[in-house]
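Work through the exercises below with the sequence and the 3D structure at hand. Each task is followed by a worked solution.

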Amino acid sequence: MNYQEIEENLFQEKALLRMVADDLGYPWDFPYFTNDNLVFFEKELQNLARKIREYWIDKGIDAVKYMYKSPDKYKSYYTHSGSEVKYGYERCLEPDFLEERIHEDYSEWTGFTLLFSSAMSSITTILNMVNKVLKKKMVNGCFIGGYFESYNLLNNYNTFGTKIDIINDSSHLIKEKVEELDFYILEPVKYNLELDITDLEGLLDKLNKMESNKAVFLIIDITLLGNSFDKQSILNALFGKENILVFFVKSGIKLDQYGFEFANCGMLSMYASIEQYNLVQKLEEYLKSFRATTGVGISGKDLSLLDFPSFGKDKVHSEKILYNTYVLAKELKLENDFIFQHIAHPTYKSELSYAKSPMVFLRVNTSEESDCKFIIDYIREKIKEFDLSIEVGNSFGFRQTRVEYIKTLEKEPKFIIKIAPGCYRGLIFYKIIDTINYISKFHSLSELKRKLKVNIF
């Protein structure tokens, strides 16, 4: 364990937290101490992050606690940051000021950004719009990805005049089906147990060569990559294709809120050739109307919590998370495949710029859930040796590293250890690496348990 590198990382996190505190108006109060105690240093960083989060949530909610769902029309309401919340009924709230602030403009393209209650609700709204615009008996599309919620949502849509093929191999799509489809929903890095890569370049090349001028809707879910994903490269590849409408969607709770999970949020950014300006305006109005009618927008409380300067624009947090996960994947050295069959991370498969992930999956060679519980408990105990603790839970993008195990819903389930690094590489981060590498030296968990029992007695 390289303690000098750990110390440097902790100082970087301290500097980043100072920037976060300034962004959120938190009065800086990090204690002064000598840096010879890394355990104390990491604990204080955790405590400071918790205090900053609680401070912002208290201030954000306190500012709008007087708001009714149906407000007094003669009263004005403001977020903690001082932005006026204009609405006649909360279900119809339109956070225009925030959407305009976070929208990114690109030369020769016109577009807009809208906020929703979740990424799933933004995809649902797009699909409804596609059906409305095309006015076809059967709308044909495909999904290239792995996120289970997307899979369930799109599978259900197959009963509503929409045929959505679930495609595992994007090369098959490029060869066979690209001319037939009205829309594409894809994840650059698939949220499946292998974290597979989608061939974006091949698909974009095929779309560019389409002879038909029919409308095509390209929906790219960048939740795993956040603002680190290069949207400009996609738009450059489709320059001059007036019939292709591009939508970038993502969960705004993962990599856009400093790892603090202030509020649920989905983000949708649409782009089309500048010649389609009038059409884009109409589509924006339709999406807003559907959002208001179905109540899939954000609430006044969410708006107040998301109204801070860097929301939706910061790239530092996502880039830190993705880089630390890359380091994790490189540092894990499995001695054999008796306990862990293999490690899943995009860098093992590709050198593409978007071959990144905020997590690493380790396939456990077992059919017993108790084995995974043992591994998680063993990691926790090893970290306790530093007088530190690790959070066990799902999702990713937090300031601290998290672990959990996943049991798939198959007749013969697979078991996965998921490690989701935080935005700094401290003692906990490297202790996880040492522990996983140590476990992998054994031929079975029973052998490890026997060794632990001998050491105890």
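**Exercise 1.** Find how many bridges join β11 to strand β12, and state how the two strands run.

Solution. Step 1: in this predicted model, locate β11 (402-407) and β12 (residues 415-420). Step 2: the two strands are joined by six bridges and run antiparallel. Step 3: take one bridge as a check; R402 has A420 of β12 as its partner.

**Exercise 2.** Give the strand order of the open sheet and explain why β8 and β10 each have one side without a neighbour.

Solution. Step 1: the five strands are ordered β8-β9-β12-β11-β10, and their pairing is mixed. Step 2: β8 (340-344) and β10 (391-392) are at the edges with a single partner strand each, so one side of each has no neighbour in the sheet. Step 3: add helix α12 (residues 369-384), which packs on the sheet and touches β8, β9 (360-364), β10, β11 and β12. The direction of α12 makes about 175 degrees with that of β11.

**Exercise 3.** Describe the largest pocket and its lining.

Solution. Step 1: the space in this pocket is about 1200 Å³. Step 2: 43 residues line the pocket, and G146, Y147, F148, E149 and Y191 lie nearest its centre. Step 3: α4 (119-134), α5 (148-157) and β11 each supply at least two lining residues; the largest share, four residues, is from α5. Step 4: by type, the lining has 18 nonpolar, 13 polar and 12 charged residues.

**Exercise 4.** Which helix gives the largest share of the lining of the second largest pocket?

Solution. Step 1: the volume of this pocket is about 320 Å³. Step 2: its lining has 18 residues, with R53, G259, F260, E391 and Q400 closest to the centre. Step 3: helix α2 (residues 38-64) gives the largest share, six residues.

Notes:
Residues numbered from 1 in each chain as written. Predicted model: local features only at pLDDT ≥ 70, side-chain atom pairs only at ≥ 80, totals over all residues. Heavy atoms only, no water. 1 Å grid on protein atoms, 1.4 Å probe; cavity = no way out; pocket = protein on both sides within 12 Å on 5 of 7 lines; lining within 4 Å. Points joined across faces, edges and corners; volume = space filled by probe spheres on them. Nonpolar A, V, L, I, M, F, W, Y, C, P; charged D, E, K, R; others polar. Pairing = 2+ DSSP bridges. Contact = heavy atoms within 4.5 Å. Axes fitted to C-alpha atoms, helices over the stretch in contact; angles between N-to-C directions.
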